Structure formats: C-alpha cells, structure tokens
Amino acid sequence: MDADPVVPVHTALGSVGSRADLAGENPEPADPGDVLLRALRMATSMLGAAAVVHLIRYVIAAVNRSTPIPMWLDLLSGAAVLVFGVFAFVAMLVALVAFVRWLLPARAAAYRAADRRDPRPARVVLALAAVPLANVVGVPLLLSEAALCGDAPAPAIGRIKHLGTAWAIVNLVALIAVCYRIGSWFSDSVQVSANALALVTFSLAVSAVFAHWVGPRLVTVLTGPVGSSASGRRLVAA
C-alpha cells in the first residue's frame with residue numbers, strides 16, 4: 001500500500017495563512033441596521049447619563065439657595081455637566097450618521113424591489129434626513145416614500161406616523177429647553193436658571209427614552225412590526 005503523501009509543514013501553514021489573509025482582506029460588511037441599533041444604544045446611555053448629571057447639578061443648585069456648598073462640589077458638578085453634555089452630543093451625531101447610512105440603502109432596496117429608481121438625489125436625502133428640525137418633516141417623508149413602493153404600504157405608513165409623532169415631540173421638547181437655556185444666560189434670576197436646568201434635564205431624559213424606544217421599531221418600520229428584524233435586514237441587503 002502506498003504511503004500517504006506528506007504535506008510540508010510550511011506549505012500547510014502558508015495555505016492557512018493565505019486563507020486568513022483573504023478573509024481579512026474581504027471582511028463581511030456590517031449590517032446598517034445592526035450599526036444603527038448599536039449607535040442608538042450608545043446614545044441612550046450617554047443621554048441618560050447626561051440627564052442624571054444635570055439632575056444632580058439641579059439638586060446642588062437648589063440646596064445652594066439655602067445652604068452654602070463647597071466650592072469643589074460646585075466646580076465638579078459644573079464640569080460633569082459640560083463633559084457629559086459633550087458626550088451626549090457626540091453620541092447623537094454618531095446615531096444620526098448611522099441612521100443616514102441605514103436610510104440610503106433601505107430606500108434604494110425598496111425602490112429596487114419595485115423596479116424603480118430612487119427619484120431623490122442622495123444629497124437631497126441627506127439634507128432631509130440630517131439637517132436638524134428639517135428632519136422632523138424630512139424623515140417621515142423619506143420613509144413614507146419608500147413604504148409606498150410596497151404592495152401593501154398602509155401598515156408601514158401607520159408605523160411611520162407613530163415614529164414621526166414621537167420624533168416631533170422629542171424635537172419640540174429639545175427646542176423649548178434650548179431656547180429657555182439660552183434666555184437664562186441673559187437673566188440674573190436664579191429661578192430662571194434653575195428652571196432652564198430642569199428643562200434641559202427633562203429634555204435629555206425624553207431623548208434617552210426615545211432613543212431606547214425607537215431602535216427596534218426604526219429598523220423594521222418598512223418591513224414589519226418589532227420582532228421582524230430579519231426581514232428588515234433582508235430589505236437593506238437586497
């Protein structure tokens with residue numbers, strides 16, 4: 001009986017290394033829906049943390065009206081508000097970018113499934129989806145257009161209306177909080193400053209709840225209710 005051929009060790013290792021190199025050179029692209037969910041979870045955490053820090057700052061300011069507090073505590077709470085506010089802002093930007101990167105292929109897949117081309121240029125979609133306040137109207141519009149490409153758009157349109165209403169409420173609360181906060185900078189009233197801080201705290205909490213709530217509903221808004229994430233991913237990858 002002939003002996004089994006012997007494969008040199010260096011040849012075998014080289015073959016394994018080549019396959020690993022090829023796998024590394026062509027990684028599987030991340031699913032936009034999964035990326036969006038992770039970004040929204042990060043935004044939820046950062047917004048929630050910022051809300052807690054602002055609440056602590058509000059309590060400290062309230063106590064300071066009747067009882068002097070140490071200078072270091074005042075400085076520390078003020079710095080924490082600034083730092084966590086920046087973190088929350090960056091997290092919201094990351095979530096916005098992830099949303100746009102999900103929306104573009106989702107719209108393209110919806111129109112492709114209907115044998116049509118997206119009539120809106122990418123720059124218009126970007127403007128409607130990414131510009132603050134404009135996206136309060138732009139996002140529901142863009143999602144509704146994609147939903148109308150399907151055979152039975154009514155359920156998707158209903159889900160989009162719910163998301164759009166919640167999104168409008170979040171933006172309204174944030175706009176009121178920002179305007180009041182800016183107005184408090186020009187006021188010498190301690191009560192006005194305290195009210196502004198309370199409004200910002202409330203706005204951050206509302207935004208955190210929205211980011212947590214909207215994630216699983218957004219990625220399936222065109223394809224089905226929460227729990228139909230698999231179909232949502234097939235739509236984007238089609």
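**Chatting through an eight-helix model**

Trainee: Okay, quick one to start: what share of the 238 residues in the protein is buried?
Mentor: Buried residues make up 34% of the 238 residues. Keep in mind that this is a predicted model.

Trainee: Noted! How many helices and strands are there?
Mentor: Eight helices and zero strands. Reading from the N terminus, the elements go α-α-α-α-α-α-α-α.

Trainee: And the contacts, how many of them join residues at least 24 apart?
Mentor: If you take the contacts between residues at least 6 apart in sequence, 68% join residues at least 24 apart.

Trainee: What about the surface, how much area does the protein expose?
Mentor: About 14300 Å², with carbon and sulfur atoms supplying 70% of it.

Trainee: Let's look at a helix. What should α2 span, and what do its end C-alpha atoms say?
Mentor: Helix α2 covers residues 32-64, which is 33 residues, so at 1.5 Å a residue it should span 48 Å. Its end C-alpha atoms are 47 Å apart, which agrees.

Trainee: Nice. What does D31 do at the start of α2?
Mentor: One of the side-chain oxygens of D31 comes to within 3.0 Å of the backbone nitrogen of G33.

Trainee: Changing topic: where is R107, and is it buried or exposed?
Mentor: R107 lies in helix α3, residues 71-113. R107 counts as buried because its relative accessibility is 1%, and the cut-off for buried is under 20%.

Trainee: A buried arginine! Which side chain does the R107 side chain make a polar contact with?
Mentor: That of E145, at 3.0 Å. Not counting residues up to four places away in sequence, R107 touches D118, R120, V125, L142, E145 and A146.

Trainee: V125 is on that list. Where does V125 sit, and what does it contact?
Mentor: V125 belongs to helix α4, residues 122-130, and is buried, with a relative accessible area of 1%. Setting aside neighbours within four places in sequence, V125 is in contact with L103, L104, R107, D118, R120 and L142.

Trainee: How far apart are the C-alpha atoms of V125 and L142?
Mentor: They are separated by 7.4 Å, and the two residues are 17 apart along the chain.

Trainee: Last topic, cysteines. How many disulfides does the structure hold?
Mentor: Zero.

Trainee: Then what about C149 and C179, buried or exposed?
Mentor: C149 counts as buried because its relative accessibility is 11%. C179 is at 48% relative accessibility, so it counts as partly exposed; the cut-off for exposed is over 50%.

Notes
Residues numbered from 1 in each chain as written. Predicted model: local features only at pLDDT ≥ 70, side-chain atom pairs only at ≥ 80, totals over all residues. Heavy atoms only, no water. Helix = DSSP H or I, 4+ residues; strand = E, 2+ residues; numbered from the N terminus. Expected span 1.5 Å × (residues − 1). Polar contact = N/O pair within 3.5 Å; in protein donor to acceptor, adjacent residues only side chain to side chain. Buried < 20%, exposed > 50% of the residue type's maximum accessible area, 1.4 Å probe, protein only. Contact = heavy atoms within 4.5 Å. Areas by Shrake-Rupley, 256 points an atom, 1.4 Å probe, with all protein chains shown as cover. Disulfide = S-S within 2.5 Å.
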